[in-house]
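Biologist: Please take a close look at the small sheet in this structure and at what surrounds it. A long, connected answer for a first-year student would be welcome.

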Amino acid sequence: MAAVLGSRRQAFASSTRSSSCAAPRIAAVRTPSRRTSHKVRAIELDFSDPDTQLSMAGLALGLLFGIGAPAWYINRTERDEERLEELRAMNRATYKETGEYMTDEEIAQVRKPKWTDRRSSFGTSVLLHRCLPGNSGAASMGPGSVHMADAEGSEISQDYSDLSSEYSYSSNDETDLGLAEATTTKERPPYRIIDADMLKKVQAEAVSDLETIWSCKKSVAKALLMYYRWDKERLLTDLAEKGPELVYKTAGVAEQANNRAEPGAGSSSSQQEQVTCDVCMCENSCSECSSNGCGHTFCNTCWRGHLAVQIADGQARHISCMAYKCGVVCDDELVLHVMKGEPELLSKYKQSHLESYMEDNERVAFCPSVPWCGHAVEVDSDPFVEPECPCGIAFCFKCGKAPHSPCTCDMWLLWDEKINGDSETRNWLAANTKPCPKCSKPVEKNGGCNLVMCKCGQAFCWLCGGATGTRHTWTQIDNHSCGRYKDEADARINDALRSHKRYMHYFERYKQHLDSLTKEKNNRAKLTSRIAAAEHDGTESRDFSWLVKALDQLRTARQVLSNSYAFAYFFFGGQLYAEEFSEDENRVNQNLFEDSQEMLAGEVERLSGLVERAKELTLDPQLRLDAINSSVNINSRIVKFFELVENDLYGKLQSSSAQIAVYRA
């Protein structure tokens, strides 16, 4: 290259020396000459010239990067979109099964740039996959957890290994992980919240459904539903099996009400006809009279008085016709027509019918909050549900008590009576005191002698409780012998003492988890306040939803654990199911239950420690992933725990049955 440049400089110097001295004129002449020469060279290229070779190389590179690079970019974009679709499908499937997914913020902390080969020497891969619970290290995760693997993907689950061999992905928009689709496919809870604003809409939907199915008038559909306490399924079953005639008669609805004219309607000639009212015995024109669906006609004045009395007495939901032994319910058209001049009573009538949907409906229950928050809960069909009201109160729909799964409602009522009543006080008194035979006050023995002295001055025998004298020795009491009752009395005392110790074992652990549950609720409130304050001040913009979800999962697990000790108290060793299992079967069931309970408790304590470390809102990717994995693992263990209770314990009952609320992640 140096030799070529040197030869070009020599040629240029020689051409300069042979030229004229009029440099400006010569330059003006040579300039177009050089342009002409350049045009000729552009047509007749000399590829042996190094400059030509360099120019062609530049042209080739320009074409490559100008056309090839965009084509390559488009091709790789299409391949990346296909890979993202596979990842979205995987994420949606995991979300449906476990309810867990990776958010954009979580992916952004550990992701690689787009189109980076997974087999390269840098970066880490992130996949949603399933691991068996209980494995050590990073694989100790539940369904849908996040797994960190090396560049070769050696630790990635086998189920998704086909996705770990080509490209990673970035999450630059909200739909990269398919979360928009996954959110829409989330299973709806088996209940809905009703407030004052939507009550009218919900009731109108129920009436409209029956009106469409049975092809009847709105007032008839409403009267039938109110009689059947808004149980549409049972009403339709009776209509199909018993027939409409019997159903209408039982509900107090006249079949003619479907086709009768509106009150006060008719031709002008018919309205001028005189009608005798059977109540006031006065003759009135048809325009001043109204008839019910049963066909009985009375003057509007009498109707108005009758309806006003019934509404004022709280009988607005079932106002019968005034005719003797008629029993047909006054329909809405009649009431609205006659009472249009009484707005207060008419408003009370409408409000009573509106509230009937909540008060008479067996599938609707009011929130037990005090004072009442104004919400009610309507379940789909199964009453064994533990809904949570928007005010924060969770309760059992069936019994109205606090959530108590895996305990049944009957079991929880016994436990509530036991911890809040005086049954254990009686057990302690029976195990540690004896009643005085004179004043009947309980006396506790504080020495080794069997002669006990009450405060009232009465001496009695500790073994049998009988009154004695005061003369005694270490071996006997004068004129008293009760050795034959000693074994029986000791056995009775031992039984009471053993029962009390067993109760205290379960109660103490129940109370510990219940206290922790209260603390978890307080911690969640404080944490959400801190996050909101940081976002408001602009000092923190990171997403801490994973931490809030971890606290929610921790709260759920604490509730399940505390209730599990009440369940164990009654199910194992108690009298409630003593005849269902033999001693060996009961021992095996108890071991299985306690093993599952212990594993769940251990994971709960682990997550509690992780949450405690994350309270400072520090950005630690490993801590975040550990908390997410622990939350998923706890959810998986709770699912397995409930499967054990439902299938292996309650499912084996022969002479009795038990139903509890199904756990929903």
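Modeller: Ala365 stands opposite Val377 in β9. The model is a predicted one, and this pairing is a good place to start reading it. Val377 has a partner on the other side too, since Ile193 stands opposite Val377 in β9. One step along, Val364 faces Glu378 of β9.

These pairings belong to an open sheet of 3 strands, in the order β3-β9-β8, with antiparallel pairing. β3 and β8 stand at the edges with a single partner strand each, so one side of each has no neighbour in the sheet. Averaged over neighbouring strands and ignoring direction, the turn of one against the next is 25°. Strand β3 covers residues 191-194 and is joined to β9 by 4 bridges. Strand β8, residues 364-366, is joined to β9 by 3 bridges. In both cases the two strands run antiparallel.

Now consider the two faces of the sheet. In a regular strand, side chains alternate between the two faces of the sheet. In β9, Ala376 and Glu378 lie on one side, while Val377 and Val379 lie on the other. These four residues are buried, so both faces of β9 are covered.

Glu378 also takes part in a network of salt bridges with Arg192 and Arg363.

The loops around β9 deserve a look as well. Pro371 lies in the loop between β8 and β9, and the peptide bond that leads into Pro371 from Val370 is cis, with omega near -5°. The loop between β9 and α14 holds Pro406. There a cis peptide bond joins Ser405 and Pro406, with omega at about 15°.

The loop after β9 also leads to a more distant part of the chain. The side chains of Glu388 and Arg555 meet in a salt bridge, at 3.9 Å from N to O. Glu388 lies in the loop between β9 (376-379) and α14 (409-420), and Arg555 lies in helix α17 (residues 545-571), so this pair ties together parts that are 167 residues apart in sequence. Which of the two classes, buried or partly exposed, fits Glu388? Glu388 has a relative accessible area of 35% and is partly exposed. Arg555, at 24% relative accessibility, counts as partly exposed too.

The structure holds 16 salt bridges, and two further pairs can be set beside the one just described. In one of them, the side chains of Glu333 and Lys217 meet at 3.6 Å, N to O. This pair links distant parts of the chain: Glu333 is in helix α12 (residues 332-338), Lys217 is in the loop between α6 (196-214) and α7 (218-227), and 116 residues separate them. Glu333 has 18% relative accessibility and Lys217 has 17%. Buried means under 20%, so both residues count as buried.

The loop that holds Lys217 also contains Ser215, between α6 and α7. Ser215 has a positive phi of about 55° although it is not a glycine, and with a relative accessible area of 63% this serine is exposed. Lys325 has a phi near 55° as well, again a positive value in a residue other than glycine. Lys325 sits in the loop between α11 (300-312) and α12 and is exposed, with a relative accessible area of 71%. Helix α6 itself contains Glu211, which is partly exposed at 30% relative accessibility. Glu211 and Lys222 are 11 residues apart in sequence, and their C-alpha atoms are 8.6 Å apart in space.

The other pair stays within one helix. Glu603 and Arg606 meet through their side chains in a salt bridge of 2.9 Å, N to O. Both lie in helix α18 (residues 583-613), 3 residues apart, or about one turn of the helix. Glu603 is buried at 9% relative accessible area, whereas Arg606 is partly exposed at 38%.

Helix α18 has a neighbour of its own. The axes of α18 and helix α19 (residues 621-649) come within 9 Å and cross at roughly 160°. That angle makes α18 roughly antiparallel to α19. The crossing is left-handed, and the residues of the contact divide into 15 nonpolar, 6 polar and 6 charged.

Technical notes: Residues numbered from 1 in each chain as written. Predicted model: local features only at pLDDT ≥ 70, side-chain atom pairs only at ≥ 80, totals over all residues. Heavy atoms only, no water. Salt bridge = Lys/Arg side-chain N within 4 Å of Asp/Glu carboxyl O. Buried < 20%, exposed > 50% of the residue type's maximum accessible area, 1.4 Å probe, protein only. Pairing = 2+ DSSP bridges. Axes fitted to C-alpha atoms, helices over the stretch in contact; angles between N-to-C directions. Parallel < 35°, antiparallel > 145°, perpendicular 65-115°, else oblique. Left-handed = near helix turned anticlockwise from the far one by under 90°. Nonpolar A, V, L, I, M, F, W, Y, C, P; charged D, E, K, R; others polar.
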